[in-house]
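Q: Could you walk me through this structure one feature at a time, giving me the general idea before each case?

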Amino acid sequence: TLQVDDDPAFGSPEITETGIVGTSFTPESGLGDTTTYWWRVTSENFCGTGTASEPYSFTTETLMPFVDGFESGDTGGWSISIVN
């Protein structure tokens, strides 16, 4: 079982996925921009369920690091704003 949450106490996990076979997982929906998430895994087999791992964290990046104004058709008014 994989759990991902923005709360290290996993009060209301945003992802809880069971039955993962292998060493990778891609969620069906995206996570929030510039957000720190915590994840942990729990093993399970015919002998039972193991103990959850220690939580580890990662921080997502901004999906679009700049804004441009070409939609207006005025290419002379383009601007770029860097988002950290």
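A: Gladly! Let's begin with a definition: two strands pair if DSSP finds at least two bridges between them. Strands are DSSP runs of E with at least two residues, helices are runs of H or I with at least four residues, and both are numbered from the N terminus. Here, 4 strands form an open sheet in the order 2-1-3-6, with antiparallel pairing. Its edge strands are strand 2 (15-17) and strand 6, each of which pairs on one side only. On average, neighbouring strands of this sheet are turned by 20° against each other, direction ignored; for this, axes are lines fitted to C-alpha atoms (for helices over the stretch in contact), and angles run from 0 to 180 degrees between N-to-C directions.

Q: What should I know about the model and its numbering?

A: This is a predicted model, where local features need pLDDT of at least 70 and side-chain atom pairs count only at pLDDT 80 or more, while totals for chains, interfaces and linings use all residues. Residues are numbered from 1 along each chain as its sequence is written, and side-chain values use heavy atoms, leaving out hydrogens and water.

Q: How many helices and strands does the chain have?

A: The count is 0 helices and 6 strands. Read from the N terminus, the elements run β-β-β-β-β-β.

Q: Which residues stand opposite each other where strand 1 meets strand 3?

A: Strand 1 (residues 2-5) and strand 3 (residues 36-41) run antiparallel and are joined by 4 bridges. Across them, leucine 2 stands opposite valine 41, and valine 4 stands opposite tryptophan 39. Strand 3 is also joined by 4 bridges to strand 6 (residues 56-59), again antiparallel. There, tyrosine 37 has phenylalanine 58 as its bridge partner.

Q: Is valine 21 buried or exposed, and how about threonine 42 and threonine 16?

A: The labels depend on relative accessible area: buried is under 20%, exposed is over 50%, and partly exposed is in between, using a 1.4 Å probe and protein chains only. Valine 21, in the loop between strand 2 and strand 3, is exposed because its relative accessible area is 80%. Threonine 42, in the loop between strand 3 and strand 4 (44-45), has a value of 18% and so is buried. Threonine 16, in strand 2, counts as partly exposed because its relative accessibility is 45%. Of the chain's 84 residues, 12% count as buried.

Q: What does threonine 42 touch, and what is threonine 16 in contact with?

A: A contact means heavy atoms within 4.5 Å. Not counting residues up to four places away in sequence, threonine 42 touches Thr1, Thr49, Gly50, Thr51 and Ala52. With neighbours within four places likewise set aside, threonine 16 is in contact with Thr1, Leu2 and Gln3.

Q: Which residues are closest to the centre of the largest pocket?

A: On a 1 Å grid over the protein atoms alone, a pocket is an open set of points where a 1.4 Å probe fits, with protein on both sides within 12 Å along at least five of seven lines; lining residues have an atom within 4 Å of a point. The largest pocket holds about 390 Å³ of space. Of its 18 lining residues, Leu2, Ile20, Ser24, Phe25 and Val41 are the closest to its centre. Strand 1 and strand 3 each supply at least two residues of this lining.

Terms used. Grid points are joined across faces, edges and corners, and a volume is the space filled by probe spheres set on the points.
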